[in-house]
Amino acid sequence: MLETAQRAQQLREELNRYGYEYYVLDQPTVPDAEYDRLFQALQALEVAHPELKTADSPTQRVGGAVLPQFLPVTHVVPMLSIRTETDVTAQGALAFDASVRKELDLNASEPAIEYAAELKFDGLAISLRYEDGVLVQAATRGDGATGEDVTQNIRTIQQIPLRLRASQGTQSLPHWPKVLEVRGEVYMRRDDFEKLNARQSELGEKTFVNPRNTAAGAVRQLDPKIAAERPLSFYGYGLGAIEGWDLQPNTHSGVLDALAEFGFPVCDIREVVHGGQGLVAFHQRVAQLRDTLPFDIDGVVYKVNSLELQRQLGFRTREPRWAVAHKYPAQEALTVVEAIDVQVGRTGALTPVARLAPVFVGGVTVTNATLHNQDEIDRKDVRLGDTVVVRRAGDVIPEVVSVVIERRPMVEVSGADLFDTQLAAKYPAYRLPEQCPVCGSHAVREAGEAVTRCTGGLICAAQRKEAVRHFASRRMMDIDGLGERYIDNLVDLGYVTSLADLYRLTLDDFLAMKRRADERDGVTPESVKAGQVTSKWAENLLAGIAASKRPPLARFIFALGIRHVGESTAKTLADWLGSLARIRHAPAPLLRVLPDIGSTVAAALAEFLAEPHNQQVIDDFLALGVEPQGEHAPHPALREKLTPAAMLAALEIPKLTAARCNALARSLTDLADLHGFSLGRLQDAGLPLDVAQSLMAWLATPAAQVLAQLDALRTELLAALPEADAVAQGVLMGKTVVLTGTLPTLSRDEAKAMVEAAGGKVSGSVSKKTDFVVAGEAAGSKLQKAEELGVTVLSEEDLIQLLG
């Protein structure tokens with residue numbers, strides 16, 4: 001048996017070496033027939049002795065059962081994106097160099113910074129985890145924090161080593177780290193893509209759109225055998241988590257060299273350059289090579305080469321200061337607008353889309369291009385039948401750049417007499433519809449915004465999936481187990497047409513959904529083949545839904561997905577109005593008097609609540625047993641915000657300033673009294689003639705009907721307010737607190753909750769208005785700014801003592 005095991009190990013080593021020479025180096029040393037012979041010999045040994053199979057065996061690259069779904073993987077080190085420099089000229093590279101030097105506080109006389117410059121591949125980012133040199137897991141980027149386990153599919157990519165290459169007894173190759181996570185890109189070469197589409201055509205199957213989407217789709221195939229049929233390639237470009245790498249290089253270029261020695265394919269179009277001019281030269285050299293490359297790129301990437309300097313530079317929000325992606329000018333072509341349609345996005349945005357006569361741009365055939373919004377349509381004057389310049393912006397999203405006016409279709413129209421004819425445009429200027437083309441709700445465009453949005457919210461099918469994802473998320477209703485794949489199937493198959501339908505779902509619904517989804521996808525689970533129906537997953541989901549029925553009021557409001565109503569605004573609504581009933585019937589003027597709720601937020605919330613179907617969904621929640629918790633009397637400080645003068649100011653009547661509202665309020669008992677005022681009486685109340693005329697004009701509009709409603713709400717709220725001396729004031733009432741760094745024992749959410757419970761407001765940035773900064777480990781620039789501004793800095797212990 002020992003000899004058999006040794007023979008199997010020898011075959012694995014030989015096959016892995018020959019595979020590396022063939023797929024990575026492109027320098028095979030043995031004929032294909034010899035490789036096949038050795039492969040079959042190893043396969044026969046493993047069939048006869050299954051205990052000899054190992055994770056790094058070449059026989060394990062293809063195979064495995066069809067997965068019911070991908071499991072989530074939490075990245076130990078987040079897969080963060082890098083900033084994109086949109087200035088495609090040399091200035092973009094120089095600006096990055098200047099920003100790095102500024103962050104490092106370098107003056108002009110100090111040496112140029114060393115950078116690693118490389119290609120930005122147009123594929124799918126992947127993280128490969130090796131433990132003791134063996135591939136144990138592969139995961140997609142996902143949202144940066146959590147991806148999907150695609151190990152079975154990644155094993156089918158011949159270029160990716162199942163075991164890291166050994167040092168062969170020399171000192172030239174680094175030792176294996178105990179844990180090594182390699183970040184890289186799965187992509188498809190253009191020639192492989194063309195061969196794949198040719199094969200699809202021969203088989204009468206659907207052809208694919210472009211290499212990038214095809215590669216991404218292959219990686220996310222639930223059947224690894226299908227993934228194995230796709231000609232995927234890989235390049236490594238960075239690291240994730242590392243443990244036990246004593247000889248780790250101290251530069252990014254050194255890391256890439258080490259990855260190549262470990263057996264990973266690393267693109268050789270990369271350079272170490274110095275200063276901004278070095279970056280400019282690399283950008284220009286790659287631009288000349290771009291069309292000759294065998295794969296698509298999305299620009300180039302510049303990284304500070306020194307890992308120590310990378311650590312010093314750190315991150316800006318979720319992007320490293322030490323790296324940037326630098327794009328190239330997109331390619332352009334002429335085509336004709338055959339139609340203009342409207343798409344409704346997951347946030348309700350109405351986007352006009354030009355349907356184009358097919359044109360080849362940037363390596364793909366383009367038939368649609370975004371027109372962005374009404375302002376852009378007006379600026380470019382895009383109309384049906386126009387000849388337009390279309391550009392594949394960012395090498396991904398096609399857009400209409402301009403109109404060739406001299407080619408616009410024209411018709412003759414009558415002039416002043418029968419003999420006088422003129423040419424006019426055949427088609428009128430385009431206007432976005434006033435109703436959502438999906439659900440029929442009215443579409444609005446907020447002041448200061450370019451985007452027109454559907455107000456359908458909870459009822460609009462175009463927004464449904466995103467609404468459910470938001471609703472079920474951890475910081476909202478926290479429905480355990482309701483992941484993206486379940487949400488997609490529930491919506492696509494008609495089980496959820498409004499958020500309230502989640503609470504109508506039964507065990508039979510979930511089992512039927514799973515069966516229909518499997519039939520649609522052509523999947524037959526092993527349990528079904530065995531004549532079994534598993535239901536534990538559905539029972540767990542139902543339990544998670546049931547457990548979500550008693551959310552805090554603020555989280556319930558946040559979960560509704562109202563535009564502009566984030567976590568902080570939802571908490572303000574709950575804290576100040578105290579109950580769902582008061583919130584859902586609050587008109588915009590009442591909302592405007594609340595802290596940190598301006599006109600834009602108030603208008604968005606009022607628009608949402610004005611839609612009868614949104615109110616119906618809230619009624620359905622309550623009828624189905626959803627009970628928001630923590631309702632209470634309105635905030636005692638609301639009393640001073642409900643004065644007639646404050647409410648008049650909140651109406652935002654043209655020319656009626658706060659001072660004039662104060663003067664006018666002295667002549668009023670109720671707001672509705674204004675309906676009985678004449679122009680002269682308004683002047684007697686202290687208003688100038690032009691202001692009085694403006695107010696009279698406003699009183700004649702439907703908007704003035706809100707006055708009686710506001711009077712009733714004022715009376716109701718004032719009656720519900722607690723007595724002032726019965727209310728305990730928090731020690732942080734009216735104070736603004738910024739949290740930064742990692743606290744010793746409290747999570748960020750726990751610290752935030754403590755501050756808010758004491759009456760304070762948590763802000764994300766430090767300013768002169770900040771009262772306290774609570775700083776933990778690695779506090780960074782916020783702590784520095786607090787010290788510069790003289791803001792009081794607290795430790796976690798200080799905060800706890802302050803709060804008592």
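The following exchange works through cysteines and helix packing in a predicted model.

Student: How many disulfides does a search of the whole structure find?
Tutor: A disulfide is a covalent bond between the sulfur atoms of two cysteines. In this model, the cysteine sulfur closest to that of C454 belongs to C439, at 3.5 Å, and because a disulfide requires sulfur atoms within 2.5 Å, that separation is too far for a bond. Over the whole structure, the number of disulfides found is zero.

Student: Is C454 buried or exposed?
Tutor: The relative accessible area of C454 is 8%, and a residue counts as buried when that value is under 20%. C267, with a relative accessible area of 6%, is also placed in this class. For C454, the class is therefore buried.

Student: How are α14 and α16 oriented to each other?
Tutor: Two packed helices are described by the angle between their axes and the distance between the axes. For helix α14 (residues 507–521) and helix α16 (residues 536–547), the axes are 9 Å apart and the angle is about 130°. Angles from 0 to 180 degrees that are neither under 35, nor over 145, nor 65 to 115 count as oblique, so the orientation of α14 and α16 is oblique.

Student: Which residues of α16 make the contact with α14?
Tutor: The crossing of α14 past α16 is right-handed. From α14, the contact draws on L507, F510, L511, M513 and K514, and, by class, the contact of the two helices has nine nonpolar, no polar and two charged residues. On the α16 side, the residues are W537, A538, E539, L541, L542 and I545.

Student: How many charged residues are in the contact of α12 with α13?
Tutor: Helix α12 (residues 464–472) packs against helix α13 (residues 484–492) at an angle of about 140°, with the axes 10 Å apart, which makes α12 oblique to α13. In this right-handed crossing, R464, K465, V468 and R469 of α12 meet E484, I487, D488, V491 and D492 of α13. Divided by class, the residues of this contact comprise three nonpolar, no polar and, as charged residues, six.

Student: Which helices are included in what covers the buried residues of α13?
Tutor: The buried residues of α13 are Y486, I487, D488, N489, L490 and V491, and I487, D488 and V491 also appear in the contact with α12. Just after α13, G494 takes a positive phi of about 85°. The cover over the buried residues of α13 includes α12, α14 and α16.

Methods
Residues are numbered from 1 along each chain as its sequence is written. This is a predicted model: local features need pLDDT of at least 70, side-chain atom pairs count only at pLDDT 80 or more; totals for chains, interfaces and linings use all residues. Side-chain values use heavy atoms; hydrogens and water are left out. Buried means under 20% relative accessible area, exposed over 50%, partly exposed in between (1.4 Å probe, protein chains only). Helices (H or I, at least four residues) and strands (E, at least two) are DSSP runs, numbered from the N terminus. A crossing is left-handed if the near helix is turned anticlockwise from the far one by less than a right angle, and right-handed if clockwise. Contact means heavy atoms within 4.5 Å. Ala, Val, Leu, Ile, Met, Phe, Trp, Tyr, Cys and Pro count as nonpolar, Asp, Glu, Lys and Arg as charged, and the others, Gly among them, as polar.
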